[in-house]
Amino acid sequence: MRTDKRKVALIGTGLVGMSYAYCLLNQNACDELVLIDINRKRAEGEAMDLNHGLAFSGSHMRIYAGEYGDCRDADIVAICAGVAQKPGESRLDLLKRNKEVFRSIVGPVTESGFNGLFLVATNPVDVMTKITYELSGFNSSRVLGTGTALDTARLRYLLGKCFQADPRNIHAYVMGEHGDSEFVPWSQAMIATKPIRDILKEEAPPVRMEDLDQISEEVRSAAYRIIEAKGATYYGIGVAMARITKAILGDENSVLTVSAMLRGEYGQTGVFAGVPCIINQNGIQRVLRLNLDPEEAEKMNRSCQLLRDTFAGLD
């Protein structure tokens with residue numbers, strides 16, 4: 001992958017896509033950003049709006065509306081296109097409506113000569129990432145979804161409040177489906193290097209296991225509550241996408257919980273799910289294998305089986 005000019009092609013200029021674009025601008029995360037949308041006029045308007053803020057951003061990005069042919073020399077094609085999630089609708093309910101949208105996107109992108117990485121944000125993200133993988137014919141390391149990256153950020157934020165600790169010093173993950181079957185492997189959760197389960201055993205622990213279970217449920221239901229309150233979620237996922245993008249373009253070897261193809265890790269094969277991965281300019285450098293306890297391993301199995309069954313049901 002080229003590193004002399006960091007180029008991102010964004011497909012879908014809705015709330016999620018433009019939250020991502022706004023983050024890229026403010027963080028000076030790339031050098032060139034092309035906006036692609038079925039509504040070309042909207043893409044042009046969004047490009048104008050972003051460009052008008054360049055003078056205040058400290059960024060020198062080139063931002064413009066384009067077409068699928070502009071993906072040819074992109075490092076990342078980020079897909080945010082799709083129909084919106086309705087109040088009360090699960091992520092998996094979106095699948096059939098969004099699959100057809102992706103058929104009209106992935107083909108033209110690959111036909112352009114694109115040879116970078118796909119970053120998928122459209123829900124249900126794990127299944128849509130696998131659809132992208134199969135439609136593109138790319139190596140699985142070059143196709144990743146946002147997975148449980150945002151869920152993990154939500155978890156660390158809530159744990160930070162609970163333990164009165166900086167979320168950046170909390171090491172805990174949400175794994176599995178980005179949706180109702182996701183889970184927190186508490187056996188792997190730590191503040192600095194101290195396991196949270198050990199803190200629970202202290203004489204006067206600041207929290208109880210019941211509190212952690214409540215946090216886990218808050219993380220799992222966060223999207224539903226935000227959608228009920230304001231109609232959609234977009235800021236959080238936009239920031240998460242920008243973080244993944246910086247890890248790729250900066251060749252950081254950062255650990256992020258993205259949706260990745262499992263090839264025997266956690267006893268799972270042929271399914272995309274949210275797991276901690278090392279991310280660099282080549283995409284998914286490798287999936288990290290955490291030592292899940294038997295109960296957590298079973299939760300992972302159930303979550304992956306749900307995703308596997310859902311994808312199989314498309315045929």
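## Helix packing, one cavity and two backbone oddities

In this predicted model, α1 and α9 sit oblique to each other, since their packing angle is about 50° and so falls outside the ranges that count as roughly parallel, antiparallel or perpendicular. Helix α1 also packs against α2, and a further helix pair, α5 and α10, crosses at roughly 50°. Those last two helices also help to line the largest cavity. Two backbone spots are worth a look as well: a cis peptide bond before proline 124 and a positive phi at asparagine 28.

**α1 against α9**

- Helix α9 covers residues 235–249, and its axis lies 8 Å from that of α1.
- The two helices make a right-handed crossing.
- On the α1 side, the contact uses Val16, Ser19, Tyr20, Cys23 and Leu24.
- Facing them from α9 are Tyr235, Ile237, Gly238, Val239, Met241, Ala242 and Thr245.
- Sorted by class, that contact comes out at 9 nonpolar and 3 polar residues, with no charged ones.

**α1 against α2**

- Here α1 (residues 15–26) meets α2 (residues 40–51), with the axes 11 Å apart and an angle of about 25°.
- An angle under 35 degrees counts as roughly parallel, so that is the label for α1 and α2.
- As α1 passes α2, the crossing is right-handed.
- From α1, the residues involved are Leu15, Met18, Ala21, Tyr22 and Leu25.
- Their partners in α2 are Arg42, Glu46 and Leu50.
- The tally for this contact is 6 nonpolar and 2 charged residues, and no polar ones.

**α5 against α10**

- The axes of α5 and α10 come within 10 Å of each other.
- With a crossing of roughly 50°, the pair is classed as oblique.
- This is a right-handed crossing too.
- Asp126, Val127, Lys130, Ile131 and Glu134 supply the α5 side of the contact, while Leu307, Thr310 and Phe311 supply the α10 side.
- By class, the α5–α10 contact splits into 4 nonpolar, 1 polar and 3 charged residues.

**The cavity**

- If you go looking for enclosed space, you'll find 1 cavity of 30 Å³ or more.
- The largest cavity holds about 50 Å³ of space.
- Its lining is made up of Asp126, Val127, Lys130, Gly270, Val271, Phe272, Leu307, Arg308 and Phe311.
- Three elements give two or more residues to that lining: α5 (125–136), β11 (269–280) and α10 (294–312).
- The lining breaks down into 5 nonpolar, 1 polar and 3 charged residues.
- Asp126, Val127 and Lys130 of α5 turn up both in this lining and in the contact with α10.
- Likewise, Leu307 and Phe311 of α10 line the cavity and also meet α5.

**Backbone oddities**

- Most residues other than glycine have a negative phi, and most peptide bonds are trans, so the next two spots stand out.
- Asparagine 123 and proline 124 are joined by a cis peptide bond, with omega at about -5°.
- Proline 124 belongs to the loop that runs between β5 (117–120) and α5.
- Asparagine 28 isn't a glycine, yet its phi is positive, at about 50°.
- You'll find asparagine 28 in the loop between α1 and β2 (32–36).

How values were computed:
Residues numbered from 1 in each chain as written. Predicted model: local features only at pLDDT ≥ 70, side-chain atom pairs only at ≥ 80, totals over all residues. Heavy atoms only, no water. Axes fitted to C-alpha atoms, helices over the stretch in contact; angles between N-to-C directions. Helix = DSSP H or I, 4+ residues; strand = E, 2+ residues; numbered from the N terminus. Parallel < 35°, antiparallel > 145°, perpendicular 65-115°, else oblique. Left-handed = near helix turned anticlockwise from the far one by under 90°. Contact = heavy atoms within 4.5 Å. Nonpolar A, V, L, I, M, F, W, Y, C, P; charged D, E, K, R; others polar. 1 Å grid on protein atoms, 1.4 Å probe; cavity = no way out; pocket = protein on both sides within 12 Å on 5 of 7 lines; lining within 4 Å. Points joined across faces, edges and corners; volume = space filled by probe spheres on them.
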